[in-house]
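Welcome! Grab a pencil and work through the exercises below, looking at the model as you go.

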Amino acid sequence: MADLWNVDKIEYVGTDSLEQGLGFRYYDADRVVAGKKMKDWLRFGVAYWHTFQARLVDPFGDGTAVRPFDRYTDPMDLALAKVEYAFEFFEKLGVEYFCFHDRDIAPEGDTLRETNANLDKVVERIEEFQKTSNAKLLWNTSSLFTNPRFVSGAATSPFADIFAYAGGQVKHSLEIAKRLGAENYVFWGGREGYENLWNTDLKREQDHIARFFHMACDYAEEIGLDAQFMLEPKPKEPTSHQYDFDAATTIAFLQTYDLADKFKLNLEGNHANLAGHTYQHEIRVAREAGMLGSLDANQGDKLIGWDIDEFPSDLYETTAVMWEVLAEGQIGPHGGLNFDAKPRRTSFTEEDLFRAHIVGMDSYAAGLLVAARLHEEGYINNLVAERYSSFDSGIGATVEDGTATLASLEEYALDKTQQELWDATKSDHLESVKATLNNYIVDTLAKA
């Protein structure tokens with residue numbers, strides 16, 4: 001292995017030390033948990049855009065990132081060199097998947113033809129590295145939001161030329177997905193929304209983007225692309241309102257436009273927070289609808305009201321996420337945990353890229369261990385079963401088996417006293433439930 005990063009391969013070191021260094025405390029890739037290896041439950045992916053592209057800028061400051069490939073000045077030379085840096089990073093971190101937007105990996109030309117030529121050169125280099133690497137493409141996508149031409153959207157743009165350009169860009173992106181063996185393909189509507197309703201034909205824009213998705217499905221079938229299509233919900237930012245606001249809104253859109261059998265959802269923790277939900281809520285909504293596809297692993301700062309893409313470190317949240325994943329049996333048909341996250345501006349060294357991923361991987365590994373114990377011991381399942389037990393027999397059973405009518409319910413309830421109705425309710429002891437979850441986290445990780 002080359003040493004482009006000046007960092008040793010990251011190994012599992014266990015929990016002897018409390019200080020988090022350049023080693024995994026909880027993530028032991030081949031450790032079997034709930035019948036599968038950790039790496040197979042988690043299927044971690046590196047996000048090309050944040051890891052190799054982000055310069056750690058924010059609205060108030062220039063980038064602070066120090067990267068080993070900064071010596072390259074020609075855009076194409078840099079793009080080609082980054083492929084080698086990327087694959088060494090995957091290997092040293094022990095991650096088997098990566099994700100990218102088309103514009104992450106190659107610079108644009110003046111025309112789509114020139115841009116595609118640049119892209120093909122980099123894709124060819126990725127293909128070469130894939131031959132000797134374990135790293136696979138979890139998903140790719142098109143950047144239909146960065147360039148100024150997409151100021152009013154892409155597939156929802158009011159300008160037909162922009163819609164056409166977006167279609168051509170996605171066509172080539174789907175061809176790349178087939179070339180690189182992508183397991184999924186994600187559509188993220190970065191600017192597919194509106195700034196102001198007064199000048200927006202909302203129905204027309206939604207009709208247009210639905211047609212766009214149907215075109216993509218048709219072309220994928222034409223070229224034999226066997227990848228799961230996914231939409232990624234986000235409520236706002238950069239637009240005032242995005243059409244894929246949250247899991248429920250996105251599912252409704254897919255059902256309305258006859259796309260539900262073609263798509264699943266790629267969900268992100270920080271986006272869930274922006275929609276006013278927990279990450280667990282979004283995953284639950286998706287999986288109960290049979291629409292869970294894949295997950296982006298990050299978190300937001302509850303004191304900052306925008307999308308900061310922080311690496312996940314909240315063990316309560318990672319436990320909740322992995323509880324849902326274990327209940328589902330997998331992260332979607334071909335999904336994984338893609339680190340759509342970047343280090344803080346004050347963590348700017350190349351070593352910090354490894355440290356940040358280690359924290360994220362350990363946090364989800366810890367969440368997996370706790371969630372597996374919760375499932376094994378049945379605490380949550382028993383809690384829920386007891387809460388709804390009145391529907392297992394008597395009048396409740398007639399509701400569930402469909403034999404109840406409003407008349408039968410009235411007959412049952414007509415002479416019930418207030419005291420009898422109050423006696424039929426039970427306390428949730430919710431504070432104790434939350435404390436018990438804390439106890440599971442502390443005790444499980446102490447024994448890890």
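**Exercise 1: the barrel**

Which strands make up the closed barrel, and how are they paired?

*Solution.* Before we begin, note that this is a predicted model, in which local features need pLDDT of at least 70 and side-chain atom pairs count only at pLDDT 80 or more, while totals for chains, interfaces and linings use all residues. Residues are numbered from 1 along each chain as its sequence is written, and side-chain values use heavy atoms, with hydrogens and water left out.

Step 1. Follow the strands in the order S5-S6-S7-S8-S10-S12-S13-S14: these 8 strands form a closed barrel with parallel pairing. Helices (H or I, at least four residues) and strands (E, at least two) are DSSP runs, numbered from the N terminus. Two strands pair if DSSP finds at least two bridges between them.

Step 2. Go from one strand to the next, and the twist averages 30°. Such angles run from 0 to 180 degrees between N-to-C directions, with axes as lines fitted to C-alpha atoms, for helices over the stretch in contact.

Step 3. Now add helices. H7 lies across S8, S10 and strand S12 (263-268), and runs at about 165° to S10. Helix H12 (residues 350-377) packs on the sheet, where H12 touches S5 and strand S14 (337-339), and its direction makes about 155° with that of S14. Contact here means heavy atoms within 4.5 Å.

**Exercise 2: strand S8 and its neighbours**

Describe how S8 is joined to the strands beside it, and what its two faces look like.

*Solution.* Step 1. Start with strand S7 (residues 136-141), which runs parallel to S8 and is joined to S8 by 2 bridges. Asn-140 stands opposite Tyr-185 in S8. Between S7 and S8 the chain passes through helix H6 (residues 160-180), giving a right-handed β-α-β crossover. Right-handed means that, with the strands pointing away from the viewer, the path from the first strand over the helix to the second runs clockwise.

Step 2. Turn to strand S10 (residues 228-231), also parallel to S8 and joined to S8 by 4 bridges. Opposite Asn-184 stands Gln-228 in S10, and opposite Tyr-185 stands Phe-229 in S10.

Step 3. Look at the faces. In a regular strand the side chains alternate between the two faces of the sheet. On one side of S8 are Asn-184 and Val-186, on the other Tyr-185 and Phe-187, and all are buried. Buried means under 20% relative accessible area, exposed over 50%, and partly exposed in between (1.4 Å probe, protein chains only).

**Exercise 3: aromatic pairs**

How many aromatic pairs does the structure hold? Classify two of them.

*Solution.* Step 1. The structure holds 34 aromatic pairs. Rings of Phe, Tyr and Trp (its six-membered ring) pair if their centres lie within 6.5 Å; planes under 30 degrees apart count as stacked, over 60 as edge-to-face and the rest as tilted.

Step 2. Take Phe-187 and Phe-213: their ring centres are 5.1 Å apart and their planes stand at 65°, so this pair is edge-to-face. Phe-187 belongs to strand S8 (residues 184-187) and Phe-213 to helix H7 (residues 202-223), so the pair ties together parts 26 residues apart in sequence. Phe-187 is buried, because its relative accessible area is 6%, and Phe-213 counts as buried at 5%.

Step 3. Next come Tyr-194 and Tyr-243, with ring centres 6.2 Å apart and planes at 55°, so this pair is tilted. Tyr-194 lies in strand S9 (residues 193-194) and Tyr-243 in the loop between strand S11 (241-242) and helix H8 (247-256), 49 residues apart. Tyr-194 is buried at 16% relative accessible area, and Tyr-243 is buried at 8%.

**Exercise 4: unusual backbone spots**

Where in the chain is Arg-43 found, and which two residues does a cis peptide bond join?

*Solution.* Step 1. Recall that most residues other than glycine have a negative phi, and most peptide bonds are trans.

Step 2. Arg-43 is found in the loop between helix H1 (38-42) and strand S5 (44-47). Arg-43 is not a glycine, yet has a positive phi of about 45°. With 18% relative accessibility, Arg-43 counts as buried.

Step 3. The cis peptide bond joins Glu-237 and Pro-238, with omega about 20°. Glu-237 also has a positive phi, of about 65°, although it is not a glycine. Glu-237 sits in the loop between S10 and S11 and is partly exposed, at 25% relative accessible area.
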